[in-house]
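User: Got a minute to go through this model with me? I'd like to talk about the sheet, then any holes and ring pairs.

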Amino acid sequence: MALSKRGRIAKEPKIAHPQFILNSLDPEVSVIIPVMNEGRRLARIISNARKVHPKTEIIVVANGSRDGSDRLAKKMGARVITFKDPLGHDVGRSVGAKAAVGNILLFLDGDIIFTASSMKRLVRAVKNGVDVALNKYNGSLEKKKVHSVVLAKYTLNHILSLQHLKGASLTAIPHALSRRAVMKIGAENLAVPPKAQAIAANEGLMIEAVHYFDVGKTNPRKRRGPKDPLKELIIGDHLEAIRYVLDKTDQRDGMTDTGRLRELVKHL
């Protein structure tokens with residue numbers, strides 16, 4: 001399924017013959033698309049991504065794919081980086097970022113289709129000065145039992161003094177980064193999105209939630225059941241991000257202890 005301009009589910013069109021796209025030789029925007037056995041939707045994703053800016057390059061990082069995703073991307077004209085074995089979750093983002101030459105980096109996944117017009121909002125935000133342009137998708141707090149990943153996102157943003165972002169996170173696609181942000185964060189750290197967000201905040205980069213994309217209904221990860229292994233991985237990523245923050249500040253993240261003289265307890 002695709003998403004409409006307002007983030008609603010739209011009917012996915014059939015593509016009999018994948019459209020050839022021409023990567024810019026001097027790109028302003030680099031679109032990074034990690035894929036692993038997601039060829040069914042990849043053609044539409046590439047086609048839409050090429051429309052986000054006149055000077056765009058598409059970089060497909062195919063890791064461990066067995067369904068011909070890499071061949072399809074090459075046939076369409078995308079730049080393809082292929083790994084025989086799976087790289088692990090989100091590592092493709094780092095690989096794509098290191099290879100990208102554009103001033104704006106737009107990150108997608110190979111399993112969810114977005115309209116070109118909606119993705120342009122992220123690109124436009126970065127062009128206008130935002131360093132980290134996020135999906136406004138927060139996850140719901142209006143539940144008796146809130147999902148632990150949603151709680152982790154809100155908690156990290158609170159620790160980072162970014163409460164206005166609510167649950168917006170680099171964990172969710174799509175999002176876009178400025179070249180400056182990639183340099184400050186370090187491409188290798190993009191493999192752990194919450195940590196990348198913590199570094200961005202620590203570096204004083206401008207982080208904004210720009211546009212709402214409802215990935216909750218279309219993300220296959222949401223359909224893996226209560227024992228989804230990615231849940232623990234993402235929680236671990238947030239703990240790593242919090243550890244980074246504490247290492248950069250102190251055990252209270254710089255929050256005041258007011259008049260509490262806890263050190264006196266040691267002498268009692």
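User: How many bridges join strand 7 to strand 8, and do they run parallel or antiparallel?

Analyst: Strand 7 and strand 8 are joined by two bridges and run antiparallel. One facing pair there is Val 132 opposite Leu 177 of strand 8. Keep in mind that this is a predicted model.

User: And what joins strand 6 to strand 8?

Analyst: Four bridges, and those two strands are antiparallel as well. Ser 178 in strand 8 has Ile 104 standing opposite.

User: What about strand 7 and strand 9, parallel or antiparallel?

Analyst: Strand 7 and strand 9 run parallel, with four bridges between them. Leu 134 has Ala 209 of strand 9 as its bridge partner.

User: OK, so what's the strand order in the open sheet?

Analyst: The order is 5-4-3-6-8-7-9, which makes seven strands with mixed pairing. Strand 5 (79-83) and strand 9 are at the edges with a single partner strand each, so each has one side without a neighbour in the sheet. On average, neighbouring strands are turned by 20° against each other, ignoring direction.

User: Back to strand 8. Which residues sit on its two sides, and are they buried or exposed?

Analyst: One side carries His 175 and Leu 177, the other Ala 176 and Ser 178, and all of these are buried. In a regular strand, side chains alternate between the two faces of the sheet.

User: Switching topic: how many cavities of 30 Å³ or more are there?

Analyst: The count comes to one cavity, with a volume of about 40 Å³.

User: Which residues line the largest cavity?

Analyst: The lining is made of Arg 93, Phe 107, Leu 170, His 175, Leu 177, Leu 190, Pro 193 and Ala 196. Those divide into six nonpolar residues, one polar and one charged. So there's a link to what we just covered: His 175 and Leu 177 line the cavity, and both are on one side of strand 8.

User: Which elements supply at least two residues of that lining?

Analyst: Strand 8 (175-178) and helix 7 (193-202) each do.

User: Now the rings. How many aromatic pairs does the structure hold?

Analyst: Two. In one of them, Phe 114 and Phe 213 have ring centres 5.2 Å apart and planes at 80°, so the pair is edge-to-face. This pair links distant parts of the chain, with the two residues 99 residues apart. Phe 114 is in the loop between strand 6 (104-107) and helix 4 (116-127), while Phe 213 is in the loop between strand 9 (207-211) and helix 8 (229-248). Phe 114 and Phe 213 are both buried.

User: And what does the pair of Tyr 137 and Tyr 212 look like?

Analyst: That pair is tilted, at 6.2 Å centre to centre with 35° between the planes. Tyr 137 belongs to the loop between strand 7 (132-135) and helix 5 (148-159), and Tyr 212 to the loop between strand 9 and helix 8, 75 residues apart.

User: Are those two tyrosines buried or partly exposed?

Analyst: Tyr 137 is buried, at 14% relative accessible area. Tyr 212 counts as partly exposed because its relative accessibility is 35%.

User: Last one: where is Asp 214, and is it buried or exposed?

Analyst: Asp 214 is in the loop between strand 9 and helix 8. With a relative accessible area of 12%, Asp 214 is buried. The C-alpha atoms of Asp 214 and Ile 173 are 9.9 Å apart, though the two are separated by 41 residues along the chain.

How values were computed:
Residues are numbered from 1 along each chain as its sequence is written. This is a predicted model: local features need pLDDT of at least 70, side-chain atom pairs count only at pLDDT 80 or more; totals for chains, interfaces and linings use all residues. Side-chain values use heavy atoms; hydrogens and water are left out. On a 1 Å grid over the protein atoms alone, a cavity is a set of points where a 1.4 Å probe fits but cannot get out, and a pocket is an open set with protein on both sides within 12 Å along at least five of seven lines; lining residues have an atom within 4 Å of a point. Grid points are joined across faces, edges and corners, and a volume is the space filled by probe spheres set on the points. Ala, Val, Leu, Ile, Met, Phe, Trp, Tyr, Cys and Pro count as nonpolar, Asp, Glu, Lys and Arg as charged, and the others, Gly among them, as polar. Rings of Phe, Tyr and Trp (its six-membered ring) pair if their centres lie within 6.5 Å; planes under 30 degrees apart count as stacked, over 60 as edge-to-face and the rest as tilted. Buried means under 20% relative accessible area, exposed over 50%, partly exposed in between (1.4 Å probe, protein chains only). Two strands pair if DSSP finds at least two bridges between them. Axes are lines fitted to C-alpha atoms, for helices over the stretch in contact, and angles run from 0 to 180 degrees between N-to-C directions.
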